[in-house]
Amino acid sequence: MSIVSCQELSLAYGVHALLDRASMSLEPGERVGLIGRNGSGKSSLLRIIAGLEAPDAGELRRQQGLRLVYVAQEPQLQGFATVFDAVAEGVAEARSLRQRFEAHAPGEDLDALQTRIELLDGWNWEQRVQEVLQRLALDPEAAVAALSGGQQKRVALAQALAASPDVLLLDEPTNHLDLDAIQWLEQLLAGFRGSVLLISHDRAFLDAVVTRILELDRGVLRSYPGHYAAFEQRKARELADEALAQARADKLLAQEEEWIRRGVEARRTRSVGRVQRLQQLRSQRAQRREALGSVRLELDRGEASGRIVAELQGVSKAFGEQQVVRELSTIVLRGDKVGILGPNGAGKTTLLKLLLGELAPDRGSVRQGSRLQVAYFDQMRAALDLEATLADTISPGSEWIEIGGTRKHVSAYLGDFLFPPSRARSPVKSLSGGERNRLLLARLFARPANVVVLDEPTNDLDMDTIELLEQLLQDFAGTVFLVSHDRRFLDNVVTSTLAWESPGCWREYEGGVEDWLAQRQRMAQATAAGAAAAGAAASASAAGPVAQAPRAPAPAGARRKLSYKEQRELEQLPARIDQLEQEQRELTQALADPALYREQPRQVAAMRARFDAIEQELGTALQRWQDLEDLGAAG
């Protein structure tokens, strides 16, 4: 039985309806992902279900007594001094009712108050708030005003969970969250006992969380069972069928138009039924809402940079007592696509500025490549003047721009990014978050660049634009630095990853997020196995004397030297490690080529297996090298 249902909802703010007699339902325990283009009306639908907005027409039904909580895309936490105050707002009704019950005010119906308090589990609301704070690792005494965007999103989620709702409505819950927080949220929602309806453009997050996809397309809601990957396959078939049906209808209309013109000139008589059918075809064609166009992305590479883009040798950087980068050495070559991963506050922006030469290190050296032309996408959209028009943002003082040697009118260029000519003179402040991101991309790509820096580019972008941006970056011959928490986007673009390991410690990995996670998991397992072995040895030692007579301790300075065989092995190991790393780089490059999956799909599994085997061989070789080095130093 549905706990929420919408029937024939209609809502319009402009020429086209955001909701055009849209219907949907939500069942108990469901986790539904709501997807669609920017501006299609997803947030409006969520607000209607939350009771914060009214539709123009249609009916909304909610189960009686249903507890429903809405978490907005940008949490509004003003007015709360501490995190505890903000989270406790989630149980505001229970607190108020309990205060009234305890005050025994004259005229109060204590039996009714008690029933309502018990229904809300309000007798122990303090305990519920403390449990949620502990579960989400939040400091109850922290000042709300000092929190980052990601921390504020955690507080808003804690506020919602403290209310123990039957339905959670989440608008872009992964925005401003780092990778660890996103994985934490996945586990949280997977274990949530109520129903969830969420808006997200994070494909990996949707695959991990939802049980059904609800797509809002041209005002109509369509339901697809399963996760996002299953939706993609089915939607591709539907769009192909729709295009075929529309092509047939257009062909029939053209034939009928030709017939009626010939009929007037020749026979002067017409079939009444056929004329009526023509009028019906014309009406259907006029009412048809075509699938929205796609953003057309094109990047002018400009002049090729030097072979080396950036070289860091023993670089360290600190701000006060906070060590952001410590003893980092790395080389970025022309054509590399580098992902930068780390929690919020780890120093990803600082690392970018060091790589680009915008910030001097405290220690170590940074060498910049030659002929660098850098285009920078800022997640805070600081490059946008809110009072300027869209046209002036793209081409100040001129109606024309030049892209890759081709001259183009600024209105036509804005049209490539789905901005109609009528909006070219609109101010930037009139745009939504997703539209501002598209405008920033348009501004970015209007200038020649051979190094592209993207700081959280996928926030607020719809999936079609994200996929087109992926393709553009894959084909881009220049260098890319990419900061993102969108795992699928990173995996589809980057060839290597700089990952934060601990305060100040950054480590380079071949491949994307999945490769990094797999290597991190193997390292954690190896560490755990080593700790277990050490614990077993300590237990055996504490259990009693061993059967063999104890050996006398070696006198100081009498430790053995490397044997001839071990010395030869130590000398050969660096070359062996270089060989393995070279083979791994070649495999990474091959696996990043989309043509491999089209032309030689059977080789992919074998190449991935070899990549994993190399990873294990490298770990063994590096450990052996360290052991032999330690022995040699001791001798």
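The structure, a predicted model, holds 24 salt bridges. Side chains of opposite charge can pair when their charged atoms come close. Three of these pairs are set out below, each with the distance between the closest N and O atoms.

| Salt bridge | Closest N and O atoms |
|---|---|
| Glu30 and Arg212 | 2.8 Å |
| Arg367 and Glu311 | 2.7 Å |
| Arg624 and Glu569 | 3.1 Å |

In the pair formed by Glu30 and Arg212, Glu30 sits in the loop between β2 (17–26) and β3 (31–35) while Arg212 belongs to strand β8, so the bridge ties together parts that are 182 residues apart in sequence. Glu30 is buried because its relative accessible area is 15%, and Arg212 counts as buried at 12%.

The bridge between Arg367 and Glu311 links distant parts of the chain, running from strand β13 to strand β10 (residues 308–319) over a separation of 56 residues. Here Arg367 is partly exposed, with a relative accessible area of 45%, whereas Glu311 is buried at 15%.

Arg624 and Glu569 form a bridge between two helices: Arg624 is in α20 (residues 602–634) and Glu569 in α18 (residues 564–591), 55 residues apart. Arg624 is partly exposed at 30% relative accessibility, and Glu569 is partly exposed at 28%. Salt bridges with shared partners also connect Arg576, Glu583, Arg610 and Glu617 in one network.

**A lysine without a salt bridge**

Lys153, in helix α6 (residues 149–162), is buried but has no salt bridge. How far away is the nearest side chain of opposite charge? That side chain belongs to Glu74, at 6.6 Å. A salt bridge requires the nitrogen and the carboxyl oxygen to be within 4 Å, so a pair at 6.6 Å does not count as one. A polar atom of the Lys153 side chain does lie 3.5 Å from the backbone oxygen of Asn175. Setting aside residues up to four places away in sequence, Lys153 touches Ala72, Gln73 and Pro75, as well as Asp171, Glu172, Pro173, Asn175 and Leu177.

**Overall make-up and nonpolar cores**

The protein has 635 residues, of which 43% are buried. Its secondary structure consists of 20 helices and 20 strands. Of the contacts between residues at least 6 apart in sequence, 69% join residues at least 24 apart.

In soluble globular proteins, nonpolar side chains tend to be buried together. The largest nonpolar core in this model has 54 residues, and Leu168 and Leu189 touch the most other members. Helix α6 gives the most to this core, with seven residues; Lys153 is found in that helix too. A second, separate core has 45 residues, among them Leu341, Ala375, Ala424 and Ala446. Apart from neighbours within four places in sequence, Leu189 is in contact with Arg31, Leu168, Leu170, Val196, Leu198, Phe205 and Val209.

**Cysteines**

How many disulfides does the structure hold? The count is zero. Two cysteines can be described by their exposure. Cys6 is buried, with a relative accessible area of 0%, while Cys505 is partly exposed at 28%.

**Positive phi angles and a helix cap**

Most residues other than glycine have a negative phi. Arg218, however, has a positive phi near 55°. Arg218 is in the loop between β8 (212–217) and β9 (220–225), and is buried with a relative accessible area of 12%. The strand β8 before that loop also contains Arg212, the partner of Glu30.

Arg371 likewise has a positive phi of about 55° without being a glycine. Its place is the loop between β13 (363–368) and β14 (374–377). Is Arg371 buried or partly exposed? Arg371 is partly exposed because its relative accessible area is 44%, which lies between the limits of 20% and 50%. Strand β13, at the start of this loop, holds Arg367 of the bridge to Glu311.

Helix α4 (residues 110–119) has a cap at its N-terminal end, where a side-chain oxygen of Asp109 lies 3.3 Å from the backbone nitrogen of Asp111. After α4 comes Asp121, which has a positive phi near 55°.

Technical notes: Residues numbered from 1 in each chain as written. Predicted model: local features only at pLDDT ≥ 70, side-chain atom pairs only at ≥ 80, totals over all residues. Heavy atoms only, no water. Helix = DSSP H or I, 4+ residues; strand = E, 2+ residues; numbered from the N terminus. Buried < 20%, exposed > 50% of the residue type's maximum accessible area, 1.4 Å probe, protein only. Lys, Arg positive; Asp, Glu negative; His and termini not counted. Polar contact = N/O pair within 3.5 Å; in protein donor to acceptor, adjacent residues only side chain to side chain. Contact = heavy atoms within 4.5 Å. Disulfide = S-S within 2.5 Å. Core = buried A, V, L, I, M, F, W, Y, C linked by side-chain atoms within 4.5 Å.
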